[in-house]
Amino acid sequence: MASPPLQQSSFLLASLKADYLNKPFLQRCQDLVKVIDDYPAKELHLLFTWLVESVFGSLDGSIVGWNLCFVQARTNEYNAIVEFLDPSGPMMKLVYKLHAEEYKYEFPISYLPGPVRASIQEGVLPDCPIFHNKLQFPPSGLLSLSLSLNPFEYYMFYFAASLIVQRSYLPGQHFSPSDSAYFVLVDSYLKYFLPTEGNVPPSLVPVVRGTVSPPPPRSPTVPFTGYGVHHTSLLKRHISHQPSMNADPAAQEIWRSETILQVFVEMWLHHYSLEMYQKMQCPQVKLELLQYRLGISSMHCSTPTQSGYGTLHTYQEPFCPTEEHVLVVRLLVKHLHSFSSSQRPELITSSPSAHSHSSPLEEFKRVVIPRFVQQKLYVFLQHCFGHWPLDTSFRAVLETWLSYLQPWRYTPEKQSPHMDSQDRTVPDKWAAFVQENLLMYTKLFQGFLNRTIRTDLVNVNNALMVFRVAKVFAQPNLSEMIQKGEQLFLEPEHVLHHRQHRFLTPSLGGSFLSSRQPFITDSVFKVKSHVYSLEGQDCQYKQMFGAEVRNTVLRLSQLIAQAKQTAKSISDHSAEAAANQSFLSWFGFESSDLNTSYVGNDIDYMGLDSIKKTDEYLDRTLDYICQIFKLNAAQLSQLMVSFVSTQDDGGSKQLPDCIQGANGLLLTDLGRLQMINGLRKFDIDYQGDPELQPIRSYEIAVLVRLLYRLSSLINERFAGEMQSLCSRQDFSGRLARYYLTASSVAQTSKRSPLTRRSLERRPQPRISLRYLASYRTLLSIFMLYVISSFFGFGPVSFIFWGLLACFCYGVVMAMFADKRKTH
């Protein structure tokens with residue numbers, strides 16, 4: 001028999017589930033607020049998992065929940081959702097109530113990002129402390145493992161997972177990601193739990209017990225190797241060493257800041273190969289890597305070989321983040337820069353010993369980016385650069401990358417409002433950040449170059465992206481800082497015996513406050529450790545200012561010049577077409593040439609305003625490239641002028657670069673680039689039966705079908721006679737060939753694809769009456785008839801004289817047929 005509290009909780013849950021189906025949304029929210037305020041934690045415990053799932057949806061996507069990513073500010077539910085889920089709102093009050101009683105909830109690891117899930121299933125515990133001492137081992141084995149989380153962790157895991165679980169929405173629904181309830185809540189949580197001013201506000205319900213529960217018992221049959229399982233919680237060890245725990249309230253509350261950041265980073269930035277995940281996570285591998293590269297003696301730093309490393313299978317998650325996902329990551333990056341830059345100035349320039357007396361929040365600000373975000377964000381962006389489609393939606397990834405590269409934009413110092421952002425010199429104090437994030441600048445820049453040379457730069461949005469990157473890297477002092485970082489990395493590897501003790505016990509796992517790393521002043525070591533920890537000991541570093549990348553930049557400059565010329569040609573073509581519109585175009589008549597078509601770029605970007613913007617963006621990009629790579633502007637301009645003159649001499653009329661293959665012409669890589677940028681094209685025409693071409697807008701559909709049937713009957717009935725007549729070599733044969741065979745047989749222009757069979761195919765003699773279905777032909781005949789009627793010609797005489805004129809014209813053309821073929 002169930003106890004009364006359990007019966008009451010079950011009844012309350014059933015009542016809420018019934019109201020979920022029957023009551024309107026606003027009324028349900030008010031009822032939930034009343035329930036959270038009136039009932040104790042023991043009765044709310046059974047409601048919590050249902051409520052979290054009803055808000056954020058199920059992890060498998062079957063339950064949509066409130067669909068926060070698609071709730072816009074203009075909807076009625078928006079304000080109620082934001083108030084209910086606010087950091088100081090009713091939902092968080094429920095979380096703190098349950099947390100005070102140390103309730104635990106299970107989160108299946110099958111819904112963690114692929115590399116983390118595969119690592120745990122292989123018996124290797126991730127380095128992130130959020131996973132330590134939380135694994136539950138069911139009798140069914142490792143495949144059904146789960147994490148035992150406190151209410152705050154459980155809530156944040158579900159909140160973060162709701163971004164990457166695909167939800168359904170109405171096909172015609174238009175929404176702005178930055179205006180959604182989810183985006184606003186992420187911003188609110190970051191500002192509340194990672195404040196740039198003051199301390200983290202205390203929880204609404206006092207936490208009477210410890211912030212971290214003791215580790216659950218581990219199954220002796222599962223030998224987890226663990227990347228840092230011997231470490232305890234993030235802050236508990238640090239608090240135990242504080243002189244007075246009550247002196248600094250932030251010391252008791254900062255665990256929430258660490259938790260929310262770790263959950264966001266682990267859930268949003270952990271989608272890449274398991275091999276890279278191992279390289280980033282394992283401290284033993286990092287230590288051996290540094291020993292190998294920096295020449296540190298192995299006798300002084302012997303570490304046990306990790307049995308789990310090297311046994312994991314290579315895993316690649318088939319995951320491509322959505323644009324909403326990337327925009328939320330950018331919001332996280334921008335806030336972390338502001339959070340880190342809000343550190344007190346006296347702590348930034350003080351000695352390492354001074355940090356031991358600083359508050360936990362200030363310590364957290366000091367290491368938040370290098371310890372928690374740098375590595376995972378680098379691999380996340382590298383994955384996006386390699387897998388994102390070559391379209392304009394890449395702008396979200398690009399802006400996320402550029403936001404991380406410019407932490408000086410988010411400092412509390414006020415810049416002069418009259419100074420253009422391009423004229424602002426990057427302060428020298430950021431040189432260390434640039435050097436310690438060298439791959440973020442150099443490797444990803446090279447990845448962006450590889451994407452850019454494969455995109456259509458005539459598109460104004462693509463031109464804008466190239467302009468944005470060039471503008472950022474052209475900031476004064478930035479290229480010099482990057483070059484300095486490359487020089488430090490390329491310095492000869494030397495043994496620093498007097499500093500070996502600094503490399504022996506790196507605290508790469510556990511809390512950032514547990515066994516803090518000694519302060520390292522060696523810039524060479526910092527740059528090398530950054531590169532090798534991300535790219536591995538066998539990485540072949542390619543210098544951003546080296547010859548190979550410089551050649552790629554020159555190639556990009558040539559493509560920019562080609563795109564400028566193409567944009568000019570399109571603009572001239574549009575102006576010429578507008579000026580040469582005929583009178584018949586007002587009636588919807590077009591050219592009667594069935595085999596000509598114009599292949600241009602997307603019409604959405606071909607307006608004159610877009611062409612002008614494209615030209616302006618590309619012009620300024622060339623200027624910035626000259627500044628970044630110290631190119632001679634005069635020589636580059638001369639190269640561009642010579643190229644443009646070549647294009648004006650007819651280069652744009654040429655075929656794309658191709659080679660002759662077994663079945664025709666094959667495009668080369670250069671030819672593909674020329675076609676992508678609209679620089680060259682093949683002559684596209686219809687090579688099938690001319691009688692079976694699609695009906696054009698300037699033709700009468702009924703007449704086309706009727707005349708085709710009539711022509712087919714005549715051709716079938718007199719096929720032999722027409723064939724024998726055209727095979728004669730006298731004048732009548734030449735006259736028959738003029739009327740009964742197509743003139744396209746004599747065309748020899750190259751097309752792609754063009755097979756030998758199509759070259760050898762010869763059309764049979766036949767009559768074609770389709771031209772009589774054209775509006776233009778019928779209008780011309782009608783106007784001639786009207787004019788001839790004024791001279792006394794009737795219908796019969798008009799037809800007779802018309803046929804006679806056509807026959808005479810054919811006789812004249814047949815007489816000169818051989819001469820025309822010779823020419």
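A disulfide is a pair of cysteine sulfur atoms within 2.5 Å. In general, it is a covalent bond between the sulfur atoms of two cysteines.

This is a predicted model, in which local features need pLDDT of at least 70 and side-chain atom pairs count only at pLDDT 80 or more, while totals for chains, interfaces and linings use all residues. Residues are numbered from 1 along each chain as its sequence is written, and side-chain values use heavy atoms, with hydrogens and water left out.

**Exercise 1. State how many disulfides the structure holds, and whether Cys69 and Cys128 are buried or exposed.**

Solution.
- Step 1: The number of disulfides is zero.
- Step 2: Buried means under 20% relative accessible area and exposed over 50%, with partly exposed in between (1.4 Å probe, protein chains only).
- Step 3: Cys69 has a relative accessible area of 14%, so Cys69 is buried.
- Step 4: Cys128, at 9% relative accessibility, is buried as well.

**Exercise 2. Describe the chain as a whole: its secondary structure and its buried share.**

Solution.
- Step 1: Helices (H or I, at least four residues) and strands (E, at least two) are DSSP runs, numbered from the N terminus.
- Step 2: The chain has 33 helices and five strands.
- Step 3: Of its 823 residues, 47% are buried.

**Exercise 3. Work out the order of the strands in the open sheet, and why S1 and S2 each have one side without a neighbour.**

Solution.
- Step 1: Two strands pair if DSSP finds at least two bridges between them.
- Step 2: Strand S1 (residues 105–108) is joined to S3 by four antiparallel bridges, and Tyr105 has Leu149 as its bridge partner in S3.
- Step 3: Strand S2 (residues 135–136) is joined to S3 by two bridges, again antiparallel; here Gln136 has Ser146 as its partner.
- Step 4: The order of the three strands is therefore S1-S3-S2, in an open sheet with antiparallel pairing. S1 and S2 stand at the edges with a single partner strand each, so one side of each lacks a neighbour in the sheet.
- Step 5: In S3 (residues 146–149), Ser146 and Ser148 point one way, Leu147 and Leu149 point the other way, and all are buried.

**Exercise 4. Find how S4 and S5 are paired and joined.**

Solution.
- Step 1: S4 (residues 658–661) and S5 (residues 664–667) pair in the antiparallel sense over four bridges.
- Step 2: Gln660 stands opposite Leu665 in S5.
- Step 3: A hairpin of two residues joins S4 to S5.

**Exercise 5. List the buried residues of helix H29 and say which helices they pack against.**

Solution.
- Step 1: In H29 (residues 731–740), the buried residues are Gly733, Leu735, Ala736 and Leu740.
- Step 2: They cover an arc of only 160° around the axis, so they lie on the same side of H29. The arc is that of the directions from the helix axis to the C-beta atoms.
- Step 3: The buried residues of H29 pack against helix H28 (719–726) and helix H32 (795–815), where contact means heavy atoms within 4.5 Å.
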